[in-house]
Every structure is written in structure tokens, then in C-alpha cells.
Amino acid sequence: MATMRLPSGTYHQTYQQDQAWWQTRFVWLRMIGLLFILLVFIPLWMPVLFPDIGLYVVSVANLIGYTILSAMGVQLLIGYAGQLTLGHSAFIAVGGYTSAICMLMFGIPYPITIILAALTAGLWSMLFGLPSVRVKGYYLIMTTMAAQFITVDFIITQYVAQIGGRGQAFSIPPGTITFGPIEIDNDIKVYYLMIALVIACMVFVGNLLRTRVGRAWLAIRDNDIAAEVLGVNVVRYKLAAYFVGGALGGIAGSFWITSIYAVSPEHFTWSWSLWVVGVILIGGVGSLYGTVFGAMFMTLVPEILRFAVAPLQPVFPQLMTNFQFLKESVFGLSIVLFLLYEPKGLAYRWWQIKNYLHLWPFSY
Amino acid sequence: MSRGDRAQTRASEINITPDLTIPKVFAQTAHKYGDHKVAMREKEFGIWRPITWTEYAERVKAITLGLVALGMQRDDKVALIGDNRPEGLWAEMAALCAGGVAVWIYQEALIEEVQYIVDHADAKFLIGEGQEEVDKALAIKTKCPKLKHVIWDDPKGLRHYADPLLISLDKVMELGRQLDRNDPHRFDELVKQGNGEDVALLFYTSGTTSAPKGALLTHLNMLTMGQNLMRVDPSFEQDDFVSFLPFAWIGEQMMSISCGIQAGLTLNFPEEPETALENLREIAPQVMFSSARLYEQMVRGLQVKYADSSWTKRKMYEWGLRVGYALADAKFAKKPASVPLKIQGALADMLVHRPLRDHLGLARIRNAYTGGSAIGPDHFRFFHAIGVNIKQIYGQTEIAGISVLHRSDDIKLDTVGKPLPGTDVKIAADGEILSRSSSVFLGYYKNPEATAKTLRDGWLHSGDNGFLDDDGHLVFFDRTQDIMVLSDGKKFSPVFAESRVKFSPYIKDAWIIGHQRPQVTAVICIDYNVTGRWAESKGIAYTSYQELSQEPRVLELVKQSIAQVNKTLPVSARIKRFANLFKELDADDNELTRTKKLRRGFLEERYQDIVTGLYGAADVVHMDTQIKYEDGRTQRVKTDLKIVDVKE
């Protein structure tokens, strides 16, 4: 994406200023406003001001947060390192199970298990990234799908989930998930955890992308042969991308168990792997903001549809029961429409809107 | 660095005593701001690298002592040539600190011009930027025996140059630092020795008619001029100034030196001359001084963008300008605007004017000065309509830059404003503008006849015609020789008509002919970029400037623009016929002066065929001329120029 035209009178005396994310006072105010909405308005004021829907909004926000965390690794792999992946649920599952096992069996505090989950999922992902050394493009789809089936359907379902004889589900008793003295026991606390994780991951990935590593990934994405000629160690950076991508998935998995008090293989389906790819396609491939936009779109559209459908229920009683199918078809349709009309995703539209305002009253 | 209004503080006005010099003020200012204020920035590798006053002073000191180590004496002339860059200003300041005289040469000056100036000025040092300047210096060294050292600062391409005349600026600074270690008080003594009456600058005026004359300006001339200017329009310590016009132009000296060291402005040097406008936009200066040409270019840029935008945006722009023009006209007439108009104005400012100023890089502008040649009234009104406080300046090198200026609350379209404080302006019996102030120069270097002609009884004879109107505003008619007498005996300024014609974005230059001739005609140079875009949008194929200029639809376009202007001109001054020139006018071909004014006499000689054609019966002129390229090759050009009649 081309660089944004800055307002007249914005100049930089150092490269630090030149690379800063928020360069103008207007952007600072906007972002502070956004933080206020995220940290105060939604979790604290919404439930009080709108008791009917306040908590519902918070739970939807949590779902959006989970989707962002799930899609972040995919965005990094597909959008920045150019490595297709269609089995990201596997790494989310590894993260979720690692966290759960560490807490339940070894009594490790939750915050530490997040890190362990990230590391385990990252290493596991790296293992499945090994074929990427030799294969590219469509073939990579197959190897990453293999990750999904080997990890979730075989290893986790058949072996990991059987640990301790708990059957198919790991139940996480209340009081297990604590953050220091604070027990994560309601949606609002989950919400704050979500915000903290999303911001931490965004800042981490955003910063990583403007380092040598990030530039190497972009080079590999754009042309791996040229990157190699330029001296980028392609194998190393591809594996690094798989590690970081998987680790982000692990964090998502680790977060997932806080809101559900349980962990089970069927939470990590192949369709979720597809879903998060849809998220970045709609949000915008190669844009961190795009991940957020995509997650919001993909979560809010079904929710809005549900509200829209409710009044029709007396007329078409089967609508609610068939809602799952409707949701899936909307997902399919929206992907098709997006690929047709907005192939660069919502982030590009956002960029165009900003550009329109910056260039007003001209077009260049 | 974010945008927005910052606190404004003003440096206290200095007391100009007869022994005060530019280096003394510089030393005080540098001491005052030290390393907590940025003196200048240069855009390099994508960022604006700051140089504090301490660093500035340290470098000037090193260069000064380096020059002394190389044998520089007081009153030695130092010729300077190169782009606007910090090193250029350091070198100039160093030359002044060493008690020398700075002689700036236009960077694009041809070898003969450089040779003339270096030789005439008796320059002992030539400080150039890089290979191009070094090559020029080496080409003239045998013809300029007084030249002792050639200093360069950009090493690109100079690795295998071994001429003993050459020395790098780094080396000079090293010599200087060495001398400073041995004799730590030397620099302060050198600065102390200076006197306000000493010559500071030897500036060669780009005569429209004759060989350049060297005007001698003293330290006091420069300092008082800056102070008087800032008494009218104060500058603040937080102000930014973008230095992109040639240092060899007195206007740039006035801002960078006279005002810069007195007010503590931060000077900003663009990355490349080509990126100057883009860099100007990044800095968004508070003060700006430029030639009319640049402002014309800005307007042209906006007009083209306007033409390329969507219908709604165009309507918005038109509405915004309509409101802006109404407000500007009320301001010129000093009538209060009606309340509905004011409300519309506030809205238009938010929706149209402010974005337009942002596009131009004039988001923070407080005073935009235009000088050199007169700006067209259309351009002038345009800037005021979008809320840019553009003001005319009148002056010349001989009075250290400017002597007459618009006041912010007293702007008249057809005048150049009122004299600066401390400046007397009167009109001689024959209409010539005379001025007197402490900034009037000493005389021309080695040219007593010209000095006697220009300086009589302390009055500077400008050679310009004009009068003072009832409000005490000066109206000036351009150089005396540019007035033309029309068929009906009326006097008329071709520059006025030319500037109006140039309001069309498709026309870059216009040359109006009609002095003592039966009718007025014009030679037009189209703007290649703008007209080219227009042609592309209309599906007109062309391969060169020459071909595009003769394309019938382009001629029609120009004809419409001229017809539009004709409506506003007196009947006898209306342009009856015109031809599009096959090339753009260029200072390297002697068609323009270095400050981009037309050299009418030369043009008339060079394009005799066209002039004859314009006053003949035929509608085609056969051209057969020599064209000289920048590398010295010549080529014969044979082409046909179509002559178009503009009907009423």
C-alpha cells in the first residue's frame, strides 16, 4: 500500500519520527479516543447505560478479539510472509491444550501458560513449516491442511484429550484461571484480558514488521528468489514466520479457554481455519488493521443477521433452526462479493477513505 | 513533529550601531540559542537533519579559519556557486567572518558568465558544490589568474581530480580547526575587526539589457533592510523558512541572512531543487519570499488538479473560490463583509481554502512575499481568495532587496504597497522611482559611470517608472524600457497583459509585442506538462513539444484563453494574433534573465522571423534557426509556426 500523504507541515528530523505510527496530532487524538472507547466505554459504561445489551456487546467484542488473535498469525503468514496456511486451528488448539494442561496438571499460573502455549504452538508450527522449504503455493495448502488433521483429528483427539481420563473435554474449574490476584471469572475481565492481548500482539507484530525480520518477510512474499539473491536467508525467515505465526495462534488458543472454561477438540475445527483466512481476505491481506476490520465484519455480520432474522421468525419458523446454514452462506457470499468488488479488502477501503479526505478537494 | 499553532516568541530587536556587522550579529545569535535551537535543517536520505546554532557556529568558525589558513585577507572576494544547502551558507558566513566579500553566482550560470563574474570581482576563492562547479572553475582558471583556490564539498565524481587549485571543504575545516587550536582567539578577533561600513556582498544584477553590474552592499545595508522589513512584518523564533531560490538572488539573502540571524528563523534546505515544492509542503513555512513565477506555477498546479477531479469536488471548489473572491474583494476595498458572507467564508475556509493551502504547503503561511517581477492580478486575487496573505514587494539589489511592501491590512491589487520604515520614496519629474534609505548600496564595483548614473545625491535611481497614489501606495510600471506605446499612443505594460495570459494553466510564458506597432500580438509558450495531459485526455497524439504546440486543437485552446483575457484589456491593447513558440523560453539561451524575466530586445532579434510573420499577411512562419544544447552541440531547426488570428 502506498504511503499515506501527510498533512502539510509534518516533517521528521529523525528516522524514529519518520517511522512513528501516529504522526499527527489528529491521529493521536483519534487513537486516544479509540482507546477510551475500548477501555472505558464498552466494558464499563455500556453495561450500565444499556443494561439490556451491554453485556451482550462485551461478549461479541470478546468473540471479535478471539477472531483477531486467531487471524493475526494467519495474516502474518499469508499477508506478510506470503506462506499460505489452511490449518491454523491446529496451532490454536496446541495453544489451548498447552495452557490447560499446564494449569491443570502442573499448577502453573495462567499468565505463564500463555507464554508456554505460544512457544509450544510456535515450535509445532515450525515443524509443519518445514515442507515450505521445498513446496510453494497450492502445495503448501495441502501440507498445512495436513497440520490440521494430524494435530487436531489425530493427536489431540486420540491422545491428548484422553489425558487423565477426562474423556473428550478438559473442564477448567472456576478459580483456575487467575491473573495474579484477579480471577478471570466474568466477561468483562475476559474482555480486558482480550484487549491487553490484542494490543500486545498488534504492537509486537507491528514492530516486528518494521525490523530486519519484517522486511525480509516482505521480500520473500514479493519474490522469494529475488530475496535470496539479496542475501535473505529464505529458509530461516520462512521458519521464523511459521514460528511467530504459530505462536500467535497459541496465544489465541490460550485466550480461548478463559471464556469457555473448557477445551475440546471440536472447538478447533478445520472450518475455523478457513474462517480466519476469510477474515484476512475480507479485512485486507497484508494489513494489520485489516485483521481487525475483517474480524469485526465476520463477527458482526452474523450477529446483525440474527437480529434481522428474529422478527421474521413467526412467518418462517424454520429460519432460526437453519440459521447456521444461513451464516455459512453469508460467509461464502461475502467472500465472493469481496473478491469481486473489494479484492484488496476493507483496509484498502479505509485507506481510500483517508486518502479521499487528505486529497480533498482533488483526487491526487 | 506535529502541526498546530505553537507559541510565538520574538527575538528582541537589535540595536544597529555603525560598527555592527553580520558576523557580529551571527555570533550573538549563535551564542544566544546555543544547542537548544535548530538553526537549519537539510533534507537528506528522507529526513530533515537538524543543525543547531552551536553546530552552525562551529562550522562557520572552522571554515573561516580554514580560509585564513589558505591565505585569505580582509576584503578578499569569495565567489560562491551551488545549490541551496547548509554548506553554501556556512561558506558565505565564513567569508564574511574573515572580513571578506561574498559573491554569489547563479548555479546554472554558463561558463562565460562564471568567468565574467569571477574575473570582474577579482575573486581569490571559489567555493562550489561539486563536480559541475569544479569543472566550471577548472575551465576558467587560465583566464582568471586571480583565482587561488577552488573549494568543493560534494565529493561525487571528484576522486580523480588532482588539480592543485582544488581543496575540499572538509580539508579547509580541518585546517581551520588546526589554526583554532594554535590560536584560539583568532576567530573572535577577526569578527571584532569588522565594521558596518565594510562591503559584505558583491551582487551581480542580472541586467535585462546589459552585462551584469556588481552592486556593493555593506553589512549595515543588509542589517537595516532586514530590521526595517521585520518592523512591518515581525518574524518569530519559531518560524520556518524554506530556502530554495538561488542564493545569488537578493531576496534569498534578505531572508536567509538579514532576517534569519536577526529573528532566529530556522532555515530549511530541500533535498533536491526538483523536490523543492514537495519539501516546502512538508515544512509549511510561516514566511516565504519567492518570484511571481513560483506562485504562478502553484496556481497552475491547482487548476490542473481541479480539472481532473470529479464533478462534486469541482462544484465545491468553485463555490469555495467564489466565496473567497468575494471576501478578498471586500478586503481590498476595505469594506466589511456581510454576515452571511462571513459565515459562508468560515465554511468555505474549512471545506475548501484550508485543504487548498495544505496542498500548496502554505498551511501555516503568515506572509507570502512576491517580488522580482509583477504577479498578475488574477494570481494575486486567487491567493487572497484561498486565505494566503500574499504581498507585493518592490525593490532591487541596489537597496539590499526591498524598499516598498504591502501592509497586511492595506493591500491594493495594482500597487506594490508603501515604503518600509526608514525608506523615502519619491518620483522624479520624468516618472522615475527614486528611493533613499540606509540600505542603499555603495555603488557598482569598478563601474563609476554606472554608479554616478544610479546614485545621485543619495537617491537611488531605479530605472523603473511609477507614481504614488492618493494613499501613498507606490504603483510601478516595470522597467522603463518595458513600457510599450500602442497604436493609439497609449502607454501600456506588456508585463501586465502577459501575467493575465499566464493565468491560463496551459500557458507557461507569454511575450507580448506591440511597441509602436499597428496592433498587439503575442508569442506563447505552452506548458508542456499541463497541455500534454490535456491532449492525452482528448486523445491527441503528439511526440514533442514542437508538435504539440502546433496542434490545431492546442492552438484553439490557447486562442480561447487569449480571447478571455482580451475582454479585460483596453481595446487597443487586445491581442490580435499569436503564434505558439516551438520551444520553452530558457535562461541558458539568453531568452530570460536568471530571475526569469523576458529579455525583450534579445527575443525580438532572435525571433525576427516570427515577429515579421505576426505583422505580415501569411498564416505560417517558416522557421530556420540554430538551437544550442546544454552540452554545447548545435542543431538546425526547421519548422513551421502557425499564426492564429484572435477574433473579437
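What pLDDT does chain B average? Colour chain B by pLDDT (the predictor's confidence in each residue, from 0 to 100): the average is 90, and 97% of the residues score at least 70. This is a predicted model, so to speak: local features need pLDDT of at least 70, side-chain atom pairs count only at pLDDT 80 or more, and totals for chains, interfaces and linings use all residues. Residues are numbered from 1 along each chain as its sequence is written, while chains are lettered from A and ligands numbered from 1 in the order in which they are written.

Now pick helix 2 (53-69) of chain B, where confidence in that chain peaks at a mean of 97, then strand 22 (474-479) of chain B, where it bottoms out at 76. Helices (H or I, at least four residues) and strands (E, at least two) are DSSP runs, numbered from the N terminus.

Next, show both chains: 29 residues of chain B are in contact (C-beta atoms, placed from the backbone, within 7 Å) with 18 of chain A. On chain B, strand 2 (47-52) and helices 10 (276-283), 11 (292-307), 12 (311-332) and 13 (339-360) each supply at least two residues to that side.

Last stop: helix 7 (186-193) of chain B. Select Phe187(B), Leu190(B) and Val191(B), its buried residues (20 or more other C-beta atoms within 10 Å of their own; 12 or fewer is exposed). Flip to the other side of helix 7 for Asp188(B) and Glu189(B), both exposed. Add helices 1 (22-33), 2, 3 (86-97) and 6 (169-182) of chain B, which are among what covers the buried residues.

Technical notes
Two residues are in contact if their C-beta atoms, placed from the backbone, lie within 7 Å.
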